[in-house]
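Trainee: Please take a close look at one part of this structure for me, the annotated active site. I would like to know where its residues sit and what surrounds them.

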Amino acid sequence: MVCKRVIVSGVVQGVFFRDSCRAEAAAQGVAGWVRNLPDGTVEAVFEGTPEAVERMVAWARVGPPAASVNGVAVRDEEPGGRGGFEVRPTP
């Protein structure tokens with residue numbers, strides 16, 4: 001198991017990014033969460049097999065059809081044994 005935290009910038013809020021991310025994570029069998037940040041970016045944590053997590057990172061680089069992703073910052077983290085995938089509120 002691996003875990004990656006991503007920060008996605010561009011036009012990524014108000015375009016169903018979070019809900020689309022949750023659906024894609026479920027399809028890939030990836031656990032974690034996603035949320036909007038006050039600065040207009042989206043933050044997500046993906047945990048699962050290396051292949052599935054890499055597919056989620058690749059998905060985040062494109063996002064849903066209405067999104068316009070300008071950049072994705074990726075950071076490795078220790079897996080935490082997460083289960084399920086949730087949309088979290090903006091902090």
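Mentor: Start with Asn 36, which lies in strand β2, residues 31-36. The model is a predicted one, and in it Asn 36 is buried, because its relative accessible area is 10% and the cut-off for buried is under 20%. Setting aside neighbours within four places in sequence, Asn 36 is in contact with Gln 13, Arg 18, Thr 41, Val 42, Thr 90 and Pro 91.

One of those contacts, Arg 18, is the other residue of the site. The UniProt annotation "active site", from an unreviewed entry, covers Arg 18 and Asn 36. The two span 19 residues in sequence, yet their C-alpha atoms are no more than 7.7 Å apart, so they gather at one spot.

Arg 18 is found in helix α1, which runs over residues 17-28. The site therefore draws on a helix for Arg 18 and on a strand for Asn 36. With a relative accessibility of 28%, Arg 18 counts as partly exposed, whereas Asn 36 is buried. Leaving out residues up to four places away in sequence, Arg 18 touches Val 34, Arg 35 and Asn 36, and also Val 87 and Arg 88. Of these, Asn 36 belongs to strand β2, and Val 87 falls within strand β5, residues 85-87.

Next, the loop between β1 (2-11) and α1, where Phe 16 lies. Phi of Phe 16 is near 65°, a positive value in a residue other than glycine. Most residues other than glycine have a negative phi. Phe 16 is exposed, with a relative accessible area of 66%; the cut-off for exposed is over 50%.

Strand β5 brings in one further feature. The structure holds two aromatic pairs. One of them is formed by Phe 46 and Phe 85, and it is stacked, at 6.2 Å centre to centre with 20° between the planes. This pair links distant parts of the chain, with Phe 46 in strand β3 (residues 42-48) and Phe 85 in strand β5, 39 residues apart. Phe 46 and Phe 85 are both buried. The two strands also hold contacts of the site: Val 42, in contact with Asn 36, is in the range of strand β3, and Val 87, touched by Arg 18, is in that of strand β5.

Definitions and conventions. Residues are numbered from 1 along each chain as its sequence is written. This is a predicted model: local features need pLDDT of at least 70, side-chain atom pairs count only at pLDDT 80 or more; totals for chains, interfaces and linings use all residues. Side-chain values use heavy atoms; hydrogens and water are left out. UniProt positions are given in the numbering used here, feature names are shortened, and annotations may be inferred rather than shown by experiment. Helices (H or I, at least four residues) and strands (E, at least two) are DSSP runs, numbered from the N terminus. Buried means under 20% relative accessible area, exposed over 50%, partly exposed in between (1.4 Å probe, protein chains only). Contact means heavy atoms within 4.5 Å. Rings of Phe, Tyr and Trp (its six-membered ring) pair if their centres lie within 6.5 Å; planes under 30 degrees apart count as stacked, over 60 as edge-to-face and the rest as tilted.
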